[in-house]
Amino acid sequence: MRPVQKLATKVMKYIDIGANLTDPMFQGMYNNSAKHPADYKNVLQRAWQAGMEKIILTVGTITEADEALKFAADDDRLFITMGCHPTRCKEFEPNPAEYFGKLCSYIENNKSKVVAVGECGLDYDRLKFCDAATQRTYFEKQLDLVETYRLPLFLHCRNAFDDFWDIVDRNRAKITSGGVVHSFDGTLEQALKFIEFGFFIGINGCSLKTDEQLAVVAKIPKEKILLETDSPWCSIRNSHASAKHVKTTFPTVKKKEKWTENTLIDGRCEPLQIIQVLEVLAAIRNENVEELADVIYGNTLKLFFPS
């Protein structure tokens, strides 16, 4: 079990813009095998105590929507996205109009909870789940939701920048409320093009694996950065270039069967660990961690929770 280090001198405020809290891991299920009791309430409590003010649950398919909304209904600090992940776009078939209509209904009937359209975009790293042509068709179709409901976008772009850019560029008139390219792992040139378009850049552990990625993230304007964990994925691992910049650690068990309500599980990311992403950002940018936290918190309010 790793030692606990103190948090910063004051409790900083965070908003996790992307957490998959409906994942079976938070019910204690791993590869369809129960390893420990459901502990999502413990996970949330840890996050709230550490300064988390809001969490946006990521919805990537209609089949996740009801569970995500149930979670969100239990706490006024929880919100959701609504859309179809690129690897799930075959779900639009064989009746695209019906599927699109269901997305509309979820947004229409839950306007106080749905804060973004997404997760949508393109993912050419996982074409085994959905071919590129189908992804392009239904990514572009989901931009009609943005035009109708004036919501920001929660975007996914993996190894598909050129096609992704072509789609958003020709749909500029529809994209009136901005958005965020989440879990960003592209080049600085790509980041700056997204920023010029009006998008924010979402940073999590998967954005910070290599020295090359750290060099990119260090140059992204802080006024355009948002924080996320992508829980239960994208934790900062000891093998990552960013690990040396992490200052705050938590009681953690390696074996899931050794779970306790007060420990994290090695390899399962939690919203609590957003502070580690912030610490890495502050270190590689040589900035004050508390001041950076304030800027990013303000960025997040501006995009998802404008007054």
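Modeller: Let's start with the words: a helix here is a DSSP run (H or I) of at least four residues, a strand is a run (E) of at least two, and both are numbered from the N terminus. By that count, this protein has nine helices and twelve strands. Keep in mind that the model is predicted.

Colleague: Okay. What makes the protein as compact as a globular protein of its length?

Modeller: Its radius of gyration is 18 Å, and the globule rule gives 19 Å for 307 residues. Those two values are close, so the protein counts as being as compact as a globular protein of that length. Its C-alpha atoms fill a box of roughly 50 × 40 × 40 Å along the principal axes.

Colleague: And how many of the 307 residues count as buried?

Modeller: 58% of them do. Buried means under 20% relative accessible area.

Colleague: Let's go to the sheet. Why do we say that strands E1 and E10 stand at the edges?

Modeller: Look at the order first: the open sheet has eight strands, E1-E4-E5-E6-E7-E8-E9-E10, with parallel pairing. E1 (14–19) and E10 (225–227) each have a single partner strand, so one side of each has no neighbour in the sheet. On average, neighbouring strands of this sheet are turned by 30 degrees against each other, direction ignored.

Colleague: How do you know that E8 and E9 pair?

Modeller: The test asks for at least two bridges between the strands. E8 (residues 179–181) and E9 (residues 199–203) have three, in the parallel sense, so they pass. One bridge to look for is the one from Val181, whose partner in E9 is Ile201. Helix H6 (residues 188–197) lies across E8 and E9, and runs at about 135 degrees to E9.

Colleague: What joins E4 to its neighbours E1 and E5?

Modeller: Four bridges join E4 to E1, and three join E4 to E5. Both pairings are parallel. In E4, Ile55 is the bridge partner of Asp16, while Ile56 stands opposite Phe79 in E5.

Colleague: Why is strand E4 called mostly covered?

Modeller: E4 (residues 52–57) has six residues, and five of them are buried.

Colleague: Now the rings. Why is the pair of Phe92 and Tyr138 called stacked?

Modeller: Ring centres have to lie within 6.5 Å for a pair, and planes under 30 degrees apart count as stacked. For Phe92 and Tyr138 the centres are 4.4 Å apart and the planes are at 5 degrees, so the pair is stacked. Phe92 sits in the loop between E5 (78–82) and H3 (96–109), and Tyr138 in helix H4 (residues 132–149), so the pair ties together parts that are 46 residues apart in sequence. Both Phe92 and Tyr138 are buried.

Colleague: What makes Phe139 and Phe164 a stacked pair?

Modeller: They are 5.2 Å apart centre to centre, with 25 degrees between the planes. That is within 6.5 Å and under 30 degrees, so the pair counts as stacked. Phe139 is in helix H4 and Phe164 in helix H5 (residues 161–170), 25 residues apart. Phe139 and Phe164 are both buried, and they belong to one aromatic cluster that includes Phe161, Trp165 and Phe184.

Colleague: How do you know that the charged end of Arg77 sits over the ring of Trp48?

Modeller: CZ of Arg must be within 6 Å of the ring centre and within 35 degrees of the ring normal. The charged end of Arg77 is 4.0 Å from the ring centre of Trp48. Lys113 lies over the face of Phe79 too, at 5.1 Å from the ring centre.

Colleague: Any backbone oddities? What makes Asn32 and Ser183 stand out?

Modeller: Most residues other than glycine have a negative phi. Asn32 has a positive phi of about 65 degrees, and Ser183 has one of about 50 degrees.

Colleague: Which of the words buried and exposed fits Asn32, and which fits Ser183?

Modeller: Asn32, in the loop between strand E2 (29–30) and strand E3 (33–34), has a relative accessible area of 77%. The bar for exposed is over 50%, so Asn32 is exposed. Ser183, in the loop between E8 and H6, has 2%, which is under 20%, so Ser183 is buried.

Colleague: Last one: what kind of peptide bond joins Glu93 and Pro94?

Modeller: A cis one, with omega about 10 degrees. Pro94 lies in the loop between E5 and H3. Gly118 and Glu119 are also joined by a cis peptide bond, with omega about 10 degrees, and Glu119 is found in strand E6 (residues 114–123).

Conventions:
Residues numbered from 1 in each chain as written. Predicted model: local features only at pLDDT ≥ 70, side-chain atom pairs only at ≥ 80, totals over all residues. Heavy atoms only, no water. Phe/Tyr/Trp six-rings, centres within 6.5 Å; stacked < 30°, edge-to-face > 60°. Buried < 20%, exposed > 50% of the residue type's maximum accessible area, 1.4 Å probe, protein only. Axes fitted to C-alpha atoms, helices over the stretch in contact; angles between N-to-C directions. Contact = heavy atoms within 4.5 Å. Rg over C-alpha atoms; globule rule 2.2 N^0.38 Å.
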